[in-house]
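Colleague: I have a model open and a few questions about it. Can you go through it with me?
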Amino acid sequence: MKYLHSSLKTGSLALLLLMLISCTSQGEYERSYSWAPVAVSQDIEKDQAIEAIIAPYRDELDSIMNEVIGFTAHDLTTRGQYESNLGTFVTSLFLSQSISTFDKPVDVSVMNHHGGLRASLNAGPITLGEVFEVMPFENEMRLLEMTGTQLTEVIEYIGKSGRSMIWPVGFEVTDSGLKNIVVDGKAIVPEQTYIMAISDYLASGGGGFKMLIPLKRLNIEPVLQRNMIVDEIRQRTAKGDSIDTKEAILITVAQ
């Protein structure tokens, strides 16, 4: 009975404390604060201690990013509804680099060039940092296997959305849909197997490519798409070539 009485007393004390806490005004626990906007500009003095820590890393990064890795004969941009010269350059190199890197018979490559390519390359020297500006994302290349029927569905979506490029595919855009679809100048065979090089983002359904989610993925060692761009530029530079890619003009719009 002694222990029971002690337990009851402890329980009553806990209940009393809970009631007191519950009855306490919430306002006692509120915190007040004030704020004012601060314009971030060159007028703000640097913290010399922090600057001393950052400077060596910034200098090293700048030396890497300012490296000239190649040249372009003219501006490469994403201007154009269905095609652009930068889009042509990137999608075509994705195909050739995928074939050589993965040693697979890749048929087409896709690039979200109105979203995936975030900057232009101005005529003249190309630095490594500029390639990072063009493609700031850590997207990896994926290889998907599909039938000709499934490939046609992807192409029709690209023609409808107008956000992506697919190489080397041509078609005519009409009011009733796409016509005269060809891959490397040849009609698509519905039952034939095709391999597509595409980013992991798009392969996972990003950009509206939901039809790609269930498709078979080939077993490859992932490679960053940005690294493929860098490799292509370096390889051309080693041969003494500059980038002189023109818009492919594989797509026509019916008037």
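Colleague: Which residues of β2 are buried on each side?

Modeller: V108 and V110 are buried on one side of β2, and S109 and M111 on the other, so both faces are covered. Buried here means under 20% relative accessible area, exposed over 50%, and partly exposed in between, with a 1.4 Å probe and protein chains only. Strands are DSSP runs of E with at least two residues, and helices are runs of H or I with at least four, numbered from the N terminus.

Colleague: What sort of model is it, and how is it numbered?

Modeller: It is a predicted model, where local features need pLDDT of at least 70 and side-chain atom pairs count only at pLDDT 80 or more, while totals for chains, interfaces and linings use all residues. Residues are numbered from 1 along each chain as its sequence is written, and side-chain values use heavy atoms, with hydrogens and water left out.

Colleague: Back to β2. Which strands does it pair with, and in what sense?

Modeller: β2 pairs with β9 in the parallel sense over two bridges, and with β5 (residues 165–167) in the antiparallel sense over three. Pairing takes at least two bridges found by DSSP between the strands.

Colleague: And what is across from S109?

Modeller: A197 stands opposite in β9, and W167 is the bridge partner in β5.

Colleague: How buried is S109, and what does its side chain reach?

Modeller: The relative accessible area of S109 is 0%. Its side chain reaches the backbone oxygen of T91 at 2.5 Å. Leaving out residues up to four places away in sequence, S109 touches T91, S92, F94, L95, M165, I166, W167 and A197; a contact means heavy atoms within 4.5 Å.

Colleague: Different topic. What is the strand order in the open sheet?

Modeller: The order is β8-β7-β6-β11, with mixed pairing. β8 (186–187) and β11 (251–253) stand at the edges with a single partner strand each, so one side of each has no neighbour in the sheet.

Colleague: Which helix packs on that sheet?

Modeller: Helix α5 (residues 148–161) does, touching β6 (169–174) and β7. The direction of α5 makes about 125° with that of β7. Axes are lines fitted to C-alpha atoms, for helices over the stretch in contact, and angles run from 0 to 180 degrees between N-to-C directions.

Colleague: How do β7 and β8 pair?

Modeller: They are antiparallel, over two bridges. V183 has K186 in β8 as its bridge partner.

Colleague: Now α7. Which of its residues are buried?

Modeller: Q225, R226, M228, I229, V230, E232 and I233. Their cover includes β1 (68–72), α3 (85–102), β3 (124–127), α4 (128–134), β4 (141–147) and β9 (193–199).

Colleague: What comes after the helix?

Modeller: G240 follows α7, and its phi is positive, near 85°.

Colleague: Which residues does Q97 touch?

Modeller: Q97, which is in α3, touches M228, D231, E232 and Q235, not counting residues up to four places away in sequence. The side chains of Q97 and Q235 make a polar contact at 3.0 Å. That term means a pair of N or O atoms within 3.5 Å; within protein, one must be able to donate a hydrogen and the other to accept it, and residues adjacent in sequence count only if both atoms are side-chain atoms.

Colleague: Is Q97 buried or exposed?

Modeller: Buried, with a relative accessible area of 5%. The C-alpha atoms of Q97 and E232 are separated by 7.4 Å, with their positions 135 residues apart along the chain.
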